[in-house]
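Okay, thanks for coming, everybody. I have one structure to walk you through today, so let me put it up on the screen.

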Amino acid sequence: MNEIKGGCLCGNVRYETTQAPLMSAVCHCTHCQKQSGSAFSTNVVVPAAGFNVTASTLATFNDVGESGLSVKRHFCSHCGSPVYTELDANPGVAVLKAGTLDDPSWVRPQVHMWRCSAQPWVPVAEGTVCFEHNPEA
Ligand SMILES: [Zn+2]
Ligand SMILES: [Zn+2]
């Protein structure tokens with residue numbers, strides 16, 4: 001995985017990075033459920049250095065995480081796709097929504113976060129590392 005590219009549904013927001021991803025994680029938190037309109041979000045964490053966004057319609061929802069720190073949820077104001085998130089708790093990374101990758105087929109989430117708010121019908125593979133809240137909590 002040498003180069004990651006992706007973008008929103010309408011194509012106004014595009015991103016790419018030449019850096020290797022650090023990890024992939026499923027997040028079952030209620031904020032991700034709301035923002036994704038789904039049961040969870042699937043996230044790919046990449047280094048902020050080398051991550052570049054080209055966007056004419058990028059908008060930001062300033063969310064607040066459980067830590068009380070800012071969580072900037074970036075989305076396309078034209079088509080509504082959630083695209084990536086920046087965390088004040090971890091400014092060295094960008095958290096990409098895996099569904100916006102041009103090729104998400106390689107993603108294998110190693111971790112499930114916020115298991116405590118997971119929907120009961122969502123299967124979690126045997127041996128998956130799970131956290132009830134955030135990993136650092
Ligand atoms: Zn868009
Ligand atoms: Zn979440």
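**A walk from one histidine outwards**

Let's start at His112. If we skip residues up to four places away in sequence, His112 touches Val26, His28, Val124, Thr128, Val129, Cys130 and Phe131. Before anyone asks, yes, this is a predicted model.

So where does His112 sit? It's found in strand β10, which covers residues 111-113. And is it buried or exposed? His112 has a relative accessible area of 9%, and the cut-off for buried is under 20%, so His112 counts as buried.

Now look over at Ser24. That one lies in strand β3, residues 23-27. Its relative accessible area is 5%, so by that cut-off Ser24 is buried as well. What does Ser24 contact, once its neighbours within four places in sequence are set aside? The list is Asn43, Val44, Trp106, Val107, Arg108, Pro109, Gln110 and Val111. Notice that Val111 is in that list, and that residue 111 belongs to strand β10, the strand that holds His112. On the other side, His112 touches Val26, and residue 26 falls within strand β3. So you can go back and forth between these two strands on screen using the contacts of His112 and Ser24.

Okay, zooming out to the whole chain. There's one helix and eleven strands. Going along the sequence, you get β-β-β-α-β-β-β-β-β-β-β-β. Among contacts with a separation of 6 or more, 53% are between residues 24 or more positions apart.

What about overall dimensions? The C-alpha atoms fill a box of roughly 40 × 30 × 25 Å along the principal axes. The radius of gyration is 14 Å, and a compact globule of 137 residues would come out near 14 Å, so the chain agrees with that rule. Of those 137 residues, 36% are buried.

For those of you who like surfaces: the accessible surface is about 7,500 Å², and 52% of it belongs to carbon and sulfur atoms. As for charges, the chain has 8 positive and 11 negative ones, and their mean positions are 5 Å apart.

Last thing, the annotation. UniProt, in an unreviewed entry, lists residues 4-122 as "domain: CENP-V/GFA". In the model, that span is 6% helix and 45% strand, and its end C-alpha atoms lie 27 Å apart.

That's my tour, happy to rotate the view for anyone.

Definitions and conventions: Residues are numbered from 1 along each chain as its sequence is written. Chains are lettered from A and ligands numbered from 1 in the order in which they are written. This is a predicted model: local features need pLDDT of at least 70, side-chain atom pairs count only at pLDDT 80 or more; totals for chains, interfaces and linings use all residues. Side-chain values use heavy atoms; hydrogens and water are left out. Helices (H or I, at least four residues) and strands (E, at least two) are DSSP runs, numbered from the N terminus. The radius of gyration is taken over C-alpha atoms; the globule rule is 2.2 Å times the number of residues to the power 0.38. Buried means under 20% relative accessible area, exposed over 50%, partly exposed in between (1.4 Å probe, protein chains only). Contact means heavy atoms within 4.5 Å. Accessible areas come from the Shrake-Rupley method with a 1.4 Å probe; for residues, only the protein chains shown count as cover. Lys and Arg count as positive and Asp and Glu as negative; His and the chain ends are not counted. The place of a charge is taken as NZ of Lys, CZ of Arg, CG of Asp or CD of Glu. UniProt positions are given in the numbering used here, feature names are shortened, and annotations may be inferred rather than shown by experiment.
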